[in-house]
Amino acid sequence: MGMTDVLVVGAGPTGLVLACDLARRGAAVRIVDRSPAPPRTSRAKGPNARSLEILDDLGVAEEVLAAGSAPLPMLKYRDRLPVAETDPWADSSPSPDAPYDRGRLIAQWRLEEILRDRLARYGVRVELGREATGLGEAPGGRHVDVTFAEGRTERARYVVGCDGAHSSVRKLLGIGFEGATAEDQVMVCGDVDLADGALDRTRWHQWFDEDGAVMLCPIPGTRTGWWFQAGPERDGRSRPLAPTADGFRRLLARHTALPGRALTRAELLSTYRVNVRMADRFRAGRVFLAGDAAHVHAVAGGLGMNTGIQDAFNLGWKLGLVLAGHAGPELLDTYEEERLPVAARTLDLTSERLRATLEAIRRPGGGLDAAITPDTTGLGVGYRWSSLARGLAEAPQAGDGSPDAPDAEGGVARDGDRPAPQSGDRAPDAPCVDAVTGARTRLHRVFAGPRTTVLGFGPGSAAVLLEVAAAYGDAGVRTCRVYAAHEDRATFGPEAAVVDDEGHAAAAYGTKASDGTGTGTGTGTVVIVRPDHHLGLSAPAADARSVRAYLRRLHGGPRSAEGAAEGSADRFSGIGGRHR
């Protein structure tokens, strides 16, 4: 029986992002889905700002941007008449540390198509019509046997259930899915066509009346396609009726100035009930849960798909390092440690945003903009409480920096008005210049790809970067010297070098004080950025011991007693690139 490194169950955005990340790392990955054909689901309206950064890292952001549209202003109606227009993003703009300040509208099926195409470039295709019906971890815990509905059993080192709220993987593991379903909070949804020219396609139209609501948002890439959401029709006992095309037409005629016949097609009809549930745990041995299989939230804020994408990006690099032999299996413990608190906080956030929205739409002019806050960009999510962030040498930072609980605003350090990021926070972006070619680039481009990045600020970092490149260059670590505009650019040979010509990188990472004038030899800061763009460590360049200790946690350590000797504490010579 052949062995797969990772079997991904479920080929929605979460599973596809995970499979793409693993495939580019060279892992033997397979991805299966019970559907006989790629689903045409469209409920998720697109990636938020943080997910766009992840899609950029995977090399598909440009295609997603081209296929989608910017978030639209919201036109609100009462009694069929327009009463207010709101652009939730009017006061938002890209910044040096966050070039994506807002998400993108794109049909979920189109996003999945783009990700499937990317995955196919690695020679991996979704295996459709395959339903997992049995899971068994082998004695000794070295692999998992997965049984499929057709009777075949296949073997994988790890399995990840990305198979949605009704996850077969979660049920087979016997993991609880605690929470509540709000039976009275119901919405009917579908993809519809409206007569050409029936509505302005540059607006998200929202009719909120005392006896119901209709919302119509244009689907990018279509001429007449719209996302339809509405309060359901109800029977004589006030029970919600199942969605039908004729029912949609009646709702349209009741709440809007459009005639029912303006709706020419309706498909993908579904009933949405507010579900707020989370798995007891995200891992059982060699099997993991991600996305809706692990947590489902209220729809407010659009965080369901995005939280799953970010689960996948957290897990992918950890599985990759363990499979490559660079890290021990204990690294996988940090997936649940980091993502379960984020999921719990997201449940609270989306439930609170739903309450705010339900309150807002009672008043004329209220609408879905009440669900949108800076939290919903995903840019502030970090892991300060993680064991990958705790107990490391850090310069003292302003702000609360509590390591014990998720801090939604911990990770986006904007020039001048926020403290420098701490371990666990999202690593800021910054525009800069390639020191060799002179082309404009940015730090997230340097981070892109499946590697840990070690940044060196100030002349004192040069020696540390050289040692890191020598010890770990073949183990998934890249080095990059960040020169200040006024610095002499010594050619000491790291993999990459950029010029922080406008000072944004130094400002974002809080290295200005340590860099001084850039003329000394003992000044500098070394920053380690995890493969998922989160800050691992920021340490003075003189503290090479902390740099070495952190890299050992992710990429293995010394292979000989001499390499581990205290006398070499400030040097990397003798450190092997792989963990045994």
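This passage describes a buried helix, the nonpolar cores and an internal cavity of a predicted model.

Helix α1, which comprises residues 13–24, spans 17 Å from its first C-alpha to its last, close to the 16 Å expected for its 12 residues at 1.5 Å a residue. The helix is mostly covered, with 12 of its 12 residues buried; the buried set includes charged side chains such as D21 and R24 alongside L16, V17 and L18. The elements that cover these buried residues include the strands β1 (3–9), β2 (29–33) and β8 (153–161), together with the helices α2 (49–57), α4 (108–121) and α7 (304–323). After α1 comes G26, whose phi is positive, near 85°.

The largest nonpolar core contains 94 residues, of which I31, V160 and L319 touch the most other members; the largest share of this core, nine residues, is contributed by α7. Beyond residues up to four places away in sequence, I31 is in contact with G15, L16 and A19, among others, and its partners also include V8, L119 and V126. A second, separate core of 20 residues has M187, F208, I219 and L354 among its members.

Five cavities of 30 Å³ or more are found in a search of the whole structure, and the second largest encloses about 70 Å³ of space. The lining of this second largest cavity divides into four nonpolar, four polar and three charged residues, and includes R50, R339 and D532 as well as I54, F313 and Y383. Both α2 and α7 supply at least two residues of the lining, with the largest share, three residues, coming from α7.

Methods. Residues are numbered from 1 along each chain as its sequence is written. This is a predicted model: local features need pLDDT of at least 70, side-chain atom pairs count only at pLDDT 80 or more; totals for chains, interfaces and linings use all residues. Side-chain values use heavy atoms; hydrogens and water are left out. Helices (H or I, at least four residues) and strands (E, at least two) are DSSP runs, numbered from the N terminus. The expected span of a helix is 1.5 Å times one less than its number of residues. Buried means under 20% relative accessible area, exposed over 50%, partly exposed in between (1.4 Å probe, protein chains only). Contact means heavy atoms within 4.5 Å. A nonpolar core is a set of buried Ala, Val, Leu, Ile, Met, Phe, Trp, Tyr and Cys residues joined through side-chain atoms within 4.5 Å. On a 1 Å grid over the protein atoms alone, a cavity is a set of points where a 1.4 Å probe fits but cannot get out, and a pocket is an open set with protein on both sides within 12 Å along at least five of seven lines; lining residues have an atom within 4 Å of a point. Grid points are joined across faces, edges and corners, and a volume is the space filled by probe spheres set on the points.
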